[in-house]
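Let's take a walk through this one, pockets to begin with and salt bridges after that. Have the viewer open as you read.

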Amino acid sequence: MTSATIEQRIQDFGEWFQNLRLDGVQTAPNHFLGDYPAIKWQAFAHAIPSDLTGWSVLDVGCNAGFYSHEMKRRGAARVLGIDSDARYLAQARFAAAVAGLDIEFRQMSVYELPQLEQRFDLVLFLGVFYHLRYPLLALDILHAHVVGDMLAFQSMLRGSADTAPVATDYDFNDVSPFAQETWPRMYFVEHRYAGDHTNWWIPNRAAAEAMLRAAGFHITDHPEPEVFICHRADRGSVPRPVPQEVPWLKP
């Protein structure tokens, strides 16, 4: 396709959230965050293995497929991108075709991941967490069903960026910990945040780390303020047992 044809097709797909370069044509050149998500990727790309030869990768909430492209370019044998938005997936399929990359895309939500019946060497969970009505359930599903080893997690964070050790238990009458800025907090958005009705829960850093640990992940790197590189830990390391009666968590 010519550049003019690609540009017209990009416009036909409507507004793009991710700015990809398709044969030199940008999909979202006027993004309010700048050259996004390339500027975000540059800050933590070094934390993902540069050689993914033979790896299987799952991109949860893939949007137009920017990160899926990067994983395939690093040699991943299989890349599967999922998203609940059909328009984003249409963009993703077009972008992959123009780039000549063999990437699978499916329309499904994070809560439907058990249907895949497969674990992946690397799971990308970037920019999804705060859009979920049930975020801890999503992390439990990731651990129980699809993360084989490595998880790259990114979430918008608000509140304190500091963390502090927490006790294993507190007296019922001791309410002082809850007044500390470093206490794990999730800010609930009743209506909208940044004009987006899909923003539900926004954690501070302590909450993001605590919830990852509670779901059974061991944080091994924090390369960027919003990004955590994790590995799947044994359930014995989880601070307290996960309720197995939840249907989505059953094997």
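Start with helix α6, which gives the second largest pocket the largest share of its lining, seven residues. Keep in mind that you're looking at a predicted model. Along with α6 (205–214), α5 (135–146) and β10 (217–224) each chip in at least two lining residues. The whole lining runs to 32 residues, with Ala210, Met211, Ala214, Pro239 and Arg240 nearest the pocket's centre. By type, that lining splits into 21 nonpolar, six polar and five charged residues, around a volume of about 930 Å³.

Now swing over to the largest pocket, at about 1,400 Å³. Here 45 residues make up the lining, and Phe17, Gly127, Tyr130, His131 and Asp196 sit nearest the centre. Elements that supply at least two residues each include β3 (56–60), β4 (78–83) and α4 (86–99). The tally for this lining is 23 nonpolar, 13 polar and nine charged.

On to the salt bridges, of which there are eight. Back in α6, Arg205 pairs with Glu209 at 2.7 Å, N to O. The two are four residues apart in that helix, so about one helical turn separates them. Arg205 is partly exposed, at 24% relative accessible area, while Glu209 is buried at 12%.

What does Glu224 form a salt bridge with? Its partner is Lys40, with the closest N and O atoms 2.8 Å apart. Glu224 belongs to strand β10 and Lys40 to helix α2, so this pair ties together parts 184 residues apart in sequence. Both residues are buried, and Glu226 joins them in a salt-bridge network.

Definitions and conventions: Residues numbered from 1 in each chain as written. Predicted model: local features only at pLDDT ≥ 70, side-chain atom pairs only at ≥ 80, totals over all residues. Heavy atoms only, no water. 1 Å grid on protein atoms, 1.4 Å probe; cavity = no way out; pocket = protein on both sides within 12 Å on 5 of 7 lines; lining within 4 Å. Points joined across faces, edges and corners; volume = space filled by probe spheres on them. Nonpolar A, V, L, I, M, F, W, Y, C, P; charged D, E, K, R; others polar. Salt bridge = Lys/Arg side-chain N within 4 Å of Asp/Glu carboxyl O. Buried < 20%, exposed > 50% of the residue type's maximum accessible area, 1.4 Å probe, protein only.
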